[in-house]
Each structure stands twice: as C-alpha cells, then as structure tokens.
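Here are some friendly notes to read alongside the model. They start at the ligand and then move to the open and enclosed spaces in the protein.

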Amino acid sequence: MAKREQNLDDAQEPDKMLGHDPFEGLDLEWLDREEGELSIEVLGHDPFAGMEVEWIGQERHERPPELKRDASEIAPAQIEIEPAPEIPEPPAREQAIAEVAPSVPSQALEPPRTERPADVVLARKPLPEATFHFPADFKWGIATAAHQVEGKNTHNDWWTWEQIDGHIKNGHTSGLACDWWKNAEADFDRAVRMGLNALRLSVEWSRIEPRPGEFDDSALERYSDMLRGLRERGIEPMVTLHHFTNPRWIAEEGGWENPETIKLFARFVHRVVEVLGQQCDLWCTINEPNVYSYLGYLEGIFPPGQSNLRTATRVVRHLMAGHAAAYREIHTVQPRARVGFAHNMIVFDPANARSPMDRRVARLADRGYNQAILTALTKGRWTLPVGLGLAWKLRGTLDWVGLNYYTRDLVAFDPTQRQTLFSRRLHADDAELLDGGYGEFYPQGLFRCLQRLARLGLPIYVTENGIPDNDDDQRPRYLLTHLHQMWHAIQLCYPVMGYYHWTLVDNFEWAEGWTLRFGLIELDPKSQARTPRRSAELYANIAQSNAITPQTIDSYAPELRAELLPE
Ligand code: FCB
C-alpha cells in the first residue's frame with residue numbers, strides 16, 4: 001500500500017478540497033486477499049461516507065485558486081470536473097416528460113446546470129449542488145419474469161401450486177397477471193415514455209416446450225415479436241431462460257433434483273437461442289439459484305414445498321450445472337452472445353458484532369448463500385455448506401454477473417435452530433423495515449455487494465433492485481439512496497453497466513400473491529387499470545437526465561438533501 005500513501009502525500013490539496021481523505025480508513029488490502037479470507041467486516045466500508053462533494057458541480061474555472069491542479073494528480077474516484085455533455089433528446093423523451101412526469105418541475109428534467117455567475121459563488125456559500133452523473137451508455141431498465149406478468153401460464157408447476165389452498169397468501173392466484181402474453185407492448189410503450197433503454201424479461205419454458213421434445217413455434221413467435229417490439233422502441237432486451245418456473249412434465253420427473261433436467265434445460269436453451277438469437281444477444285441463464293433452492297427446498301414456500309438441507313444443496317449444484325450447460329449451448333449457437341446469471345445477495349451482518357458466535361453464523365450464512373456459488377464459478381469447486389467437490393465445468397462460464405439486491409439481515413447464534421445451521425435472522429430495533437416483513441432498508445448493502453462482485457473482474461448488471469411499497473411512501477427514498485450507492489461504486493470504477501429496477505407494473509409476487517406491490521406503476525389485476533406511482537416519475541427523471549440532480553432530490557425526497565449533499 002506504499003504507492004497509495006505516496007499519492008496521498010502528493011495530493012494534499014485535493015484532500016483539503018474534499019474536506020477529508022476519502023481513502024482514510026478504507027481497507028484496501030482486501031484487494032490482495034484470497035477469496036476464503038474475505039469477510040463482511042473487511043468489505044463493509046463505504047469510503048465515501050461523509051465525503052464533501054460541494055465542489056463537484058462547479059466549473060473548473062470557478063474553483064478556488066488553491067484547487068487548480070492538473071487532473072492527473074487527482075485520484076480517479078474523485079473526479080467529476082467537466083460539465084456533462086448534452087444528451088440528445090429522442091422524441092420519446094419529450095413525450096415522457098409530458099405524459100409520465102407531468103408534475104415534475106421542468107427544471108428537474110433539464111440537463112444539469114453547467115454555469116453559475118462567479119460573483120454568486122464568491123459572495124455567499126452556495127447550497128451544495130453536486131449532480132451525480134452516470135456513464136453515457138448506462139442502461140436504465142426494469143426487470144420482470146414470465147409467470148409474474150404473462151398470465152394464464154397453465155402448463156407450469158407454479159400454476160398447479162397456486163391452486164392448492166394455503167400456498168399463496170390470501171388464496172391469490174396469478175390469473176391474468178399483467179396480461180403480457182396478449183399485450184406486453186402497452187407496457188413497453190410506458191417504459192419507453194419513461195426514457196428507459198433496457199428491459200429484462202423471461203421466457204416461459206412450459207409455453208415453448210409444453211411436452212417433452214415438442215416445441216411450440218407459435219409461442220416462440222410471440223416472444224420474437226416481443227423482443228422485436230422492444231428493439232424497435234430503442235430498448236435493449238435481456239432474456240432470462242429460467243425464472244423459478246418449470247414445465248409440469250419436468251416437475252413430475254423430479255425437477256432440479258434430477259440431474260436429467262440439466263440436459264433437458266440445455267436442449268430447451270439451444271432451441272430458444274436459435275430462434276430468439278435474431279433479436280437478442282444478452283442472456284441471463286438462471287435467476288437466483290440460491291433463492292429457488294432456499295424457498296423450494298428449505299423453507300418449503302415455493303414448489304415443491306420441501307424442507308431438506310441436503311436436497312436444497314443438491315438442487316443448487318444442479319442449477320449451476322444447468323447454467324454452465326446453457327452458457328456453452330448459447331455460445332455454440334451465438335458466438336457473440338453475452339451470458340450471465342442473476343445472483344441474489346443478502347448482506348448478513350452479525351447481530352452483535354462483538355459476539356464471536358454471531359460473527360461465525362453470519363459468516364456461515366454468507367458463505368452458503370452468497371459466496372459458495374461465486375467460488376464454484378471462479379475456482380471450480382464447491383465449498384461448505386453447499387457441498388464439497390469439483391465443479392470445474394463452471395469455470396469460465398460468465399461473461400457478466402447479475403446482482404439482485406434488496407436487503408440485509410442481522411444474524412444471531414441460536415443453538416435451537418438446527419435447520420438453519422444454528423442461526424436466527426433478525427433486524428435491529430431502530431432499523432427501517434420494508435412493507436410485508438420484506439427486510440431492512442439498507443442502501444449501503446448495494447454498494448457492499450457491488451464491491452464484492454467487482455473482484456470477479458466482469459461487467460456487472462444490477463439485474464434486480466426494488467421495494468414492496470403500495471403507498472409509495474418509501475420507494476422514492478429507496479430509489480435515490482440505492483442509485484446513489486451504485487453511483488459511488490461506479491466512481492470507484494466498478495464496472496456496473498446497467499440497472500434493472502424490479503419492477504415496472506405490480507405483478508404476481510409468488511407466495512405473497514398480490515399483497516406485495518413492487519411496481520413503479522400500480523395495477524388493479526381485475527380491471528388491468530394502471531396508475532403510475534410518483535416513483536415512476538422519479539425513475540423517468542433519473543433515466544432521462546442520466547443523473548441524479550439536486551433538483552430531483554429536492555422534488556422527490558428533500559429529507560435526503562443533508563445525506564446526499566452534505567453542506
Ligand atoms: C426476486 C425474484 C423476483 C421478484 C423479486 C421481488 O427474488 O427474482 O421474481 O419476486 O424478488
């Protein structure tokens with residue numbers, strides 16, 4: 001770390017300008033550590049916490065003389081000195097401003113201000129005016145999954161599961177969902193009016209292959225139309241090939257407990273890519289192998305409703321083998337494809353940081369849930385508690401990695417909880433919680449997960465991030481704080497290429513039915529009426545300006561000013 005110290009010695013003035021040394025206390029040694037040595041404590045530091053960012057919005061010539069330095073002397077993470085280039089406005093954008101964001105002050109949708117009279121700056125201390133810009137080609141998207149939005153997916157295991165009393169909260173069923181099978185295009189129009197340029201959807205295996213080896217060309221054609229429709233609207237599609245549901249015939253043969261499913265999945269993927277490869281080259285093989293196995297084979301609230309640790313770990317290993325097989329299949333059909341998977345990460349912190357047992361169970365939870373899959377992909381071996389043994393076929397099967405981040409859990413040692421490896425998950429008394437017991441409002445967790453994934457050296461997409469919030473009283477703050485954390489990560493050169501908010505329109509939330517509302521747009525599933533929430537305007541505003549401006553913060557969550565733009 002001698003080099004870093006040397007740089008800081010040379011750069012006293014930028015430090016003064018920033019109010020403090022942004023690297024102070026940042027443990028940079030983790031970069032050199034072996035994976036096994038990584039721990040939450042090491043990675044859990046936000047190097048920008050409390051950073052003075054006032055100067056960022058000023059023109060270079062307005063900066064006080066002592067700050068005039070060659071840009072090369074300033075650490076890259078601190079630099080934001082040039083005004084952002086003007087973004088050409090597509091016609092859809094103006095329309096969006098009128099239709100989606102009618103109540104946004106027009107100022108909030110204008111490009112960031114680049115000039116301010118020098119005398120104003122000198123006469124009084126201006127309000128902090130930092131604008132948080134995102135890279136020019138950044139992808140602003142939303143994420144969905146076939147079963148949650150299409151409606152009438154009668155051939156899969158979830159449809160069967162929903163019909164049984166007690167499986168879904170309030171006896172809800174997916175029913176028509178958001179009616180996307182008939183008319184996804186109406187929501188694509190809404191997305192483009194918001195200024196979005198990316199959309200993640202999944203294809204439903206049971207529609208495309210309703211019986212073993214029998215492919216339904218009309219279903220493939222419908223997906224082809226959807227993807228073409230997205231591209232015609234200037235929206236880049238990302239297609240997920242497995243998002244929780246299986247054809248009934250797969251489930252009847254043991255689903256992902258049965259290793260045969262790996263081959264059958266690869267055959268399905270081959271066919272899909274042959275047809276849809278005309279419209280898409282960004283593929284997400286499998287959504288959240290850890291969640292699928294945890295909820296289906298440990299908690300038992302997803303089909304097939306089991307509770308067995310050994311089976312759960314076997315299912316994770318088979319899903320990852322399915323990922324690797326799909327990766328190879330896709331590249332055989334489409335060599336230029338970009339293939340990844342969506343990894344759900346939860347931050348697990350010890351309930352009592354001074355308790356060695358709490359620390360140990362938190363680390364174990366982290367290894368089992370977050371790390372084991374990443375280690376298998378990078379090192380080609382399974383580690384406990386997921387298993388022991390080689391997984392060499394998994395190595396080199398990622399072109400990018402997807403992060404699904406929602407929340408954090410505190411973990412306490414509890415000798416009575418065998419099934420959960422002697423741990424109990426809880427939240428601090430003073431933690432802000434999300435609706436429906438969904439977890440803690442913890443934006444720093446997004447930064448921490450990105451920091452960790454950056455070690456893979458691959459492009460990262462935030463493939464999901466969102467909040468259940470029917471009355472939209474937390475979502476604007478959730479969006480702004482999480483996107484601000486992502487901005488931090490990008491300033492540190494973590495290769496975050498895009499963000500897919502979960503989700504555009506309220507949809508069928510698995511075991512929670514329609515009780516958890518994740519949409520930027522509210523849906524009445526009976527009438528199919530849609531009503532944009534205020535957060536839809538906010539997200540449109542950020543996507544259109546490719547930045548978070550002070551005006552946006554003031555308009556949508558003024559209570560965040562002190563935190564995001566400290567004086
Ligand atoms: C994720 C799932 C997604 C949705 C969100 C809220 O774990 O991938 O389908 O249910 O949670």
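1. A polar contact here means a pair of N or O atoms within 3.5 Å. Please keep in mind that this is a predicted model. With that cut-off, the side chain of H243 makes a polar contact with the ligand, because one of its N or O atoms is 2.8 Å from a ligand oxygen.

2. Two further side chains deserve a look beside H243. For N287, an N or O atom of the side chain lies 2.9 Å from an oxygen atom of the ligand. For E464, the corresponding distance to a ligand oxygen is 3.0 Å. How much of the ligand's accessible area does the protein cover? On its own the ligand has 300 Å² of accessible area, and the protein covers 96% of this.

3. It may help to display the whole shell. Around the ligand you will find Q148, H243, F244, N287, E288 and Y406, together with Y438, E464, W502, E509, W510 and F518. Sorted by class, this shell contains six nonpolar residues, three polar ones and three charged ones.

4. Where does the ligand sit? The space it takes is the largest pocket, whose volume is about 790 Å³. This pocket is lined by 33 residues, and those closest to its centre are V291, L295, I346, R425 and Y438. Y438 is also one of the residues around the ligand.

5. Which elements build the wall of that pocket? Two or more lining residues come from each of α14, β6 (338-350), β9 (401-413) and β10. By class, the lining of the largest pocket has 17 nonpolar, nine polar and seven charged residues.

6. Now for the enclosed spaces. The structure has six cavities of 30 Å³ or more, and the largest cavity has a volume of about 420 Å³. Its lining consists of 22 residues, with Y294, L298, G368, Y369 and L421 closest to the centre.

7. Which element gives the largest share of the lining of the largest cavity? That is α16, with six residues. At least two residues each are supplied by α14 (289-297), α15 (309-333), α16 (356-379) and β10 (423-426). As noted above, α14 and β10 also give residues to the lining of the largest pocket.

8. A last point on the chemistry of the largest cavity: its lining divides into 14 nonpolar residues, seven polar residues and one charged residue. For the largest pocket, please set this beside the seven charged residues in its lining.

Conventions: Residues numbered from 1 in each chain as written. Predicted model: local features only at pLDDT ≥ 70, side-chain atom pairs only at ≥ 80, totals over all residues. Heavy atoms only, no water. Near = heavy atom within 4 Å. Polar contact = N/O pair within 3.5 Å; in protein donor to acceptor, adjacent residues only side chain to side chain. Areas by Shrake-Rupley, 256 points an atom, 1.4 Å probe, with all protein chains shown as cover. 1 Å grid on protein atoms, 1.4 Å probe; cavity = no way out; pocket = protein on both sides within 12 Å on 5 of 7 lines; lining within 4 Å. Sits in = over half its atoms within 2 Å of the grid points. Nonpolar A, V, L, I, M, F, W, Y, C, P; charged D, E, K, R; others polar. Points joined across faces, edges and corners; volume = space filled by probe spheres on them. Helix = DSSP H or I, 4+ residues; strand = E, 2+ residues; numbered from the N terminus.
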